[in-house]
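The following paragraphs lead the reader through one protein model, from a hairpin to the sheet and then to a single residue. Please keep the sequence and the structure in view while reading.

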Amino acid sequence: MMFIKQPFDEFLGLKYKKLDDNNLQIILPVQDLFINSAGVIHGGIISSLADVAVSNLLPANEEGIQQAVTVDLNVSFLKPATGTYLMANAKIEKQGRTLIHTECSIYNDKQEIVAKSKAILFRTHLKISPQA
């Protein structure tokens with residue numbers, strides 16, 4: 001299994017674990033700069049974690065380039081996120097020829113759910129003609 005290679009993911013310090021063909025877990029160690037003025041983990045960090053998790057459900061190519069892009073991402077914040085790490089559990093709900101429907105649950109270090117996300121990915125390896 002090849003994961004996507006990109007500087008942003010490395011900056012976040014993510015640790016990946018493929019659970020099976022349709023499930024992936026990513027751990028995000030919380031850094032001070034991820035904390036917003038309210039003292040909790042910034043929603044943009046949580047959204048990024050969900051996006052990276054679902055994007056990695058499809059293996060990257062041999063060069064570490066992603067094979068799908070996100071066309072729709074919805075994140076619902078269920079509880080203020082605090083703690084030393086966040087854990088994203090992402091899974092494929094349905095795969096079509098071009099679209100992949102995914103979901104992701106994000107937990108704090110006490111295994112409490114803090115956010116849920118749904119995303120639709122578009123396969124990029126298909127040849128697409130540019131729109132006029």
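Strands S5 and S6 form a hairpin with five residues between them, and Gln 111 in this turn has a positive phi of about 65°. Strands here are DSSP runs (E, at least two residues), as helices are (H or I, at least four residues), and both are numbered from the N terminus. S5 runs antiparallel to S6 (residues 113-123), and nine bridges join them. Within this pair, Thr 102 stands opposite Ala 119 in S6.

The model is a predicted one, in which local features need pLDDT of at least 70 and side-chain atom pairs count only at pLDDT 80 or more, whereas totals for chains, interfaces and linings use all residues. Residues are numbered from 1 along each chain as its sequence is written, and side-chain values use heavy atoms, with hydrogens and water left out.

A second hairpin is made by S4 and S5, with three residues between them. Eight bridges join S4 (residues 85-95) to S5 (residues 99-107), and the two strands run antiparallel. Ala 88 stands opposite Ile 106 in S5, and Ala 90 stands opposite Cys 104 in S5.

How do these strands fit into the sheet as a whole? Six strands form an open sheet in the order S1-S2-S4-S5-S6-S3, with antiparallel pairing; two strands count as paired if DSSP finds at least two bridges between them. Strands S1 (15-20) and S3 (68-77) stand at the edges with a single partner strand each, so one side of each has no neighbour in the sheet. On average, neighbouring strands of this sheet are turned by 20° against each other, direction ignored; the axes behind this angle are lines fitted to C-alpha atoms, for helices over the stretch in contact, and angles run from 0 to 180 degrees between N-to-C directions.

Edge strand S3 contains Thr 70. Is Thr 70 buried or exposed? Thr 70 is partly exposed, with a relative accessible area of 27%; buried means under 20%, exposed over 50%, and partly exposed in between (1.4 Å probe, protein chains only). Leaving aside residues up to four places away in sequence, Thr 70 touches Asp 51, Ser 55, Ala 119, Ile 120 and Leu 121, where contact means heavy atoms within 4.5 Å. Thr 70 and Ser 55 lie 15 residues apart in sequence and 7.1 Å apart in space, C-alpha to C-alpha.
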